[in-house]
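Q: Could we go through a protein structure together? I would like to know how to read its overall form and a few of its residues.

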Amino acid sequence: MSRVGKSPVTIAKGVDVKFGDDNVLHVKGPKGELKQWIDPCISFSMEEGEINLSRGSDQKDHRSKHGLYRALIANMIEGVTNGYTIKLELVGVGYRAKSTGQLLELSLGYSHPIVFEIPNEITVLAETEKGKNPLITLTCFDKQLIGMVASKIRSLRKPEPYKGKGVRYVGEYIRKKDGKTAAK
């Protein structure tokens, strides 16, 4: 049995969980509301503030979905109660970020500034301190959405392995390569 799938998901206080039509799970909390379609091969029961998932058979596909849906439900409950935050750091001379509403304007060494539109569910904050790299802080209740947006921003200028310039997650380790060496 799946180690992840067999552990129960605790429903936090103030979170409303409903299983609707067409196998759609609705999770509503103080930060927002999320819904997720769940494969019919996975059944679950709610009792005493916990959700227990079980699968119908031991097929490989059903085993993989057992842990997947348990993790997705846990992430949904965590998101509507506490939310998620991802911080990105711009490393490079002249790299800047400015946020106005849901627009993020980035100067990443190209001939033109990049204007990136952020979805309404995400709040964005761009801050620059003297002597430090500019930071972009993304906050949202949907883990999948915030991860996708952060990945898209990072892909605009990935960190390169020689000098480490680019957009990276705060705390991300970039393995640096040696440059050209003399022939002899």
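A: The turns below discuss the overall form, a pocket and several single residues of this predicted model.

Q: What does the protein chain contain in helices and strands?
A: The protein chain has three helices and 13 strands.

Q: How does the radius of gyration of the protein chain stand against that of a compact globule of 184 residues?
A: A compact globule of 184 residues would have a radius of gyration near 16 Å, whereas the protein chain has 21 Å. Taken along the principal axes, the C-alpha atoms fill a box of roughly 65 × 50 × 25 Å.

Q: And what share of the residues is buried?
A: Buried residues account for 38% of the 184 residues in the protein chain. The chain exposes about 11,600 Å², and carbon and sulfur atoms supply 50% of that area.

Q: What about contacts between residues that are far apart in sequence?
A: Among contacts between residues at least 6 apart in sequence, 52% join residues at least 24 apart.

Q: Let us turn to pockets. What is the volume of the largest pocket?
A: The volume of the largest pocket is about 170 Å³.

Q: Which elements give two or more residues to its lining?
A: They are β4 (33–37), α2 (60–81) and α3 (143–155). The lining residues include Leu34, Lys35 and Gln36, together with Leu72, Asn75 and Met76. Tyr84, Phe141, Asp142, Lys143 and Gln144 also line the pocket.

Q: What classes of residue are found in that lining?
A: The lining of the largest pocket has five nonpolar, three polar and three charged residues.

Q: Now some single residues. Where is Asn23, and what is its phi?
A: Asn23 belongs to the loop between β2 (16–19) and β3. Its phi is positive, at about 55°, although Asn23 is not a glycine.

Q: Why is a positive phi worth pointing out?
A: The reason is that most residues other than glycine have a negative phi.

Q: Which other residue has a positive phi although it is not a glycine?
A: Glu48 is one such residue, with a phi of about 50°. Glu48 lies in the loop between β5 (42–47) and β6 (50–55).

Q: Why is Glu48 counted as exposed, while Asn23 is counted as partly exposed?
A: Glu48 counts as exposed because its relative accessibility is 83%, and exposed means over 50%. Asn23 has a relative accessible area of 23%, so Asn23 is partly exposed.

Q: What about Lys28: where does it lie, and what does it touch?
A: Lys28 lies in strand β3 (residues 24–28). Not counting residues up to four places away in sequence, Lys28 touches Gly14, Val15, Asp16, Glu33 and Val80. Lys28 counts as partly exposed because its relative accessibility is 47%.

Q: How far apart are Lys28 and Pro8?
A: Lys28 and Pro8 are 20 residues apart in sequence, and their C-alpha atoms are 19 Å apart in space.

Q: And Glu105 with Glu117?
A: Glu105 and Glu117 are twelve residues apart in sequence and 8.7 Å apart in space, C-alpha to C-alpha. Glu105 is found in strand β9 (residues 103–107).

Q: Which residues does Glu105 touch?
A: Leaving out residues up to four places away in sequence, Glu105 touches Arg96, Ala97, Lys98, Pro113, Ile114 and Val115. Glu105 is partly exposed, since its relative accessible area is 32%.

Q: Moving on, where is Gly109, and is it buried or exposed?
A: Gly109 is in the loop between β9 and β10 (114–117). At 58% relative accessibility, Gly109 counts as exposed.

Q: What does Gly109 touch?
A: With residues up to four places away in sequence not counted, Gly109 touches Tyr95 and Arg157. The C-alpha atoms of Gly109 and Gly164 are separated by 14 Å, and these two residues are 55 residues apart along the chain.

Q: One last residue: where is Lys158, and what does it touch?
A: Lys158 is in the loop between α3 and β13 (166–169). Lys158 touches Lys165 and Gly166, not counting residues up to four places away in sequence. Lys158 is exposed, with a relative accessible area of 53%.

Q: How far is Lys158 from His66?
A: Lys158 and His66 are 34 Å apart in space, C-alpha to C-alpha, and 92 residues apart in sequence.

Terms used. Residues are numbered from 1 along each chain as its sequence is written. This is a predicted model: local features need pLDDT of at least 70, side-chain atom pairs count only at pLDDT 80 or more; totals for chains, interfaces and linings use all residues. Side-chain values use heavy atoms; hydrogens and water are left out. On a 1 Å grid over the protein atoms alone, a cavity is a set of points where a 1.4 Å probe fits but cannot get out, and a pocket is an open set with protein on both sides within 12 Å along at least five of seven lines; lining residues have an atom within 4 Å of a point. Grid points are joined across faces, edges and corners, and a volume is the space filled by probe spheres set on the points. Helices (H or I, at least four residues) and strands (E, at least two) are DSSP runs, numbered from the N terminus. Ala, Val, Leu, Ile, Met, Phe, Trp, Tyr, Cys and Pro count as nonpolar, Asp, Glu, Lys and Arg as charged, and the others, Gly among them, as polar. The radius of gyration is taken over C-alpha atoms; the globule rule is 2.2 Å times the number of residues to the power 0.38. Buried means under 20% relative accessible area, exposed over 50%, partly exposed in between (1.4 Å probe, protein chains only). Contact means heavy atoms within 4.5 Å. Accessible areas come from the Shrake-Rupley method with a 1.4 Å probe; for residues, only the protein chains shown count as cover.
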